[in-house]
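Open the model in your viewer and keep the selection panel handy. We will go from the whole chain to single residues, one stop at a time.

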Amino acid sequence: MLLVIGSGLYAQPTEQTTFWLGADISGTTELEAYGGQLYNAAGEPRENTALMKELGLNAVRLRVWVNPKRSFSSPQDVLTMARRAKANGMALMIDFHYSDWWADPGQQNIPEAWKDMTCAEMQQALAAHTRSTLQLLKDDGINVSWVQVGNETSNGFLWPVGRASENMAQYAALTQAGYDAVKAVYPEAKVIVHLDQARDPHRYDFIFDGLRANGAKWDIIGMSVYPHWDRRGGKETTDSGTLTHAIENMQRVVKKYGTPVMVVETGYEVRRPAQGKWFISELIRQCRAMNGQCLGVFYWAPELEHHYPLGAFRDGRPTAIMEAFTEASTKKN
């Protein structure tokens, strides 16, 4: 059944709608290359994808870079990890950064090979990269459920060509090139446009009003929910503040734009595992309570330790934070 919500059509959820519990484990092959080993809570060695499955997760998110200096997060590396996700019966999200390295709100660097291109040429290159990466997966018999066209594109991507604050029309054209490329390979895959700070309605209005005004399409609004970074940036003073404002904004954008949302990144300080378990559990509970308007919650790099404060493992083993997913996986959708 279709309901008219905001400016679009939205499928009314049913009791059978799957709520996705996922993790971005793109760093797995690099961890393995440097001798890292993960274990379950009982101390038994595990490969990361299989461990996520054991912990109750049903989906995996993988980033892809255009031409990384090392092989990690290259299309071929993504294929390696995608095969593991398929073997474990897990749904797959592909996250195109459209850069040779990290892309986030503070850096959206054009790949070296694209630097001298016009916007029109860049659209063609972006589309070709998207199609070839996805075709590599499809030719291997791998299904892709969701595709991000850019990562945390709160001011666009491929700067300065696609910087939204300077040229929204070019950002929209590049986004649409990615959307069309995804549908050419996987017509049923859902395309995600992903921004940071789910708590901030203004950045969502800025990007999605701009995309809509310029004729660009998306299927799902992706969000990052990080109370740690909200506090560090002076945006919130409590975890509850981040959670309350994020959920309010989710409900608002679903109504305004007529598309569902998904938390494609979240995380919590590993030094506070009990509080982290509470926050992730409550985030999952409240997202789930949106009755199919929020499709899932993905933790970013739970296995990452030491230099990154928001992993969910210590000494290669899952902390209580991951119990939030395990417990949620036993509940009916």
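This tour visits the overall fold, the nonpolar cores, one helix, some salt bridges and a few backbone details of a predicted model.

**Stop 1: the whole chain**

Start with a cartoon view, where ten helices and 14 strands make up the chain's secondary structure. Along the principal axes, the C-alpha atoms fill a box of roughly 55 × 40 × 40 Å. The radius of gyration is 19 Å, which agrees with the value near 20 Å for a compact globule of 333 residues. Switch on a surface: about 13,800 Å² is exposed, and carbon and sulfur atoms supply 51% of that. Of the 333 residues, 56% count as buried. If you draw a contact map, look at pairs at least 6 apart in sequence: 77% of those contacts join residues at least 24 apart.

**Stop 2: the nonpolar cores**

In soluble globular proteins, nonpolar side chains tend to be buried together. Select I94, L137, F208 and M250; in the largest nonpolar core, which has 88 residues, these touch the most other members. Now colour helix α5 (residues 168-185), which gives the most to this core, with eight residues. Then centre on L137. Leaving out residues up to four places away in sequence, L137 touches V78, L79, A82, L92, I94, I142, V144 and Y186. A second core of ten residues is separate, and among its members are M93, W146, M262 and L295.

**Stop 3: helix α9**

Select residues 273-288 and put a distance monitor between the end C-alpha atoms of helix α9: they are 22 Å apart, which agrees with the 22 Å expected for 16 residues at 1.5 Å a residue. Which residues of α9 are buried? They are G276, F279, I280, E282, L283, I284, C287 and R288.

**Stop 4: salt bridges**

Side chains of opposite charge can pair when their charged atoms come close. The whole structure holds 25 salt bridges, and a few are worth showing as sticks.

- E32 and R84 form a salt bridge at 2.8 Å, N to O. E32 sits in helix α1 (residues 28-33) and R84 in helix α3 (residues 75-87), 52 residues apart. E32 is partly exposed, because its relative accessibility is 32%.
- E236 and R199 meet at 2.7 Å, N to O. E236 is in the loop between α7 and α8, and R199 is in the loop between β9 and α6, so the pair ties together parts 37 residues apart in sequence. Both E236 and R199 are buried.
- E112 and K115 meet at 3.3 Å, N to O. E112 is exposed, with a relative accessible area of 54%, while K115 counts as partly exposed at 48%.
- D205, D209, R212, R252 and K256 are linked in a network of salt bridges, so select these five together.

**Stop 5: backbone details**

Most residues other than glycine have a negative phi, and most peptide bonds are trans. Zoom in on W159 and P160: the peptide bond from W159 to P160 is cis, with omega near 0°. P160 belongs to the loop between β8 (146-149) and α5.

Next, select S73, where phi is positive, near 65°. S73 lies in the loop between β6 (59-64) and α3, and with a relative accessible area of 1% S73 is buried. Finish at Y98, where phi is also positive, near 50°. Y98 is in the loop between β7 (91-96) and α4 (119-139), and at 1% relative accessibility Y98 counts as buried.

Methods
Residues are numbered from 1 along each chain as its sequence is written. This is a predicted model: local features need pLDDT of at least 70, side-chain atom pairs count only at pLDDT 80 or more; totals for chains, interfaces and linings use all residues. Side-chain values use heavy atoms; hydrogens and water are left out. A salt bridge is a side-chain nitrogen of Lys or Arg within 4 Å of a carboxyl oxygen of Asp or Glu. Helices (H or I, at least four residues) and strands (E, at least two) are DSSP runs, numbered from the N terminus. Buried means under 20% relative accessible area, exposed over 50%, partly exposed in between (1.4 Å probe, protein chains only). The expected span of a helix is 1.5 Å times one less than its number of residues. A nonpolar core is a set of buried Ala, Val, Leu, Ile, Met, Phe, Trp, Tyr and Cys residues joined through side-chain atoms within 4.5 Å. Contact means heavy atoms within 4.5 Å. The radius of gyration is taken over C-alpha atoms; the globule rule is 2.2 Å times the number of residues to the power 0.38. Accessible areas come from the Shrake-Rupley method with a 1.4 Å probe; for residues, only the protein chains shown count as cover.
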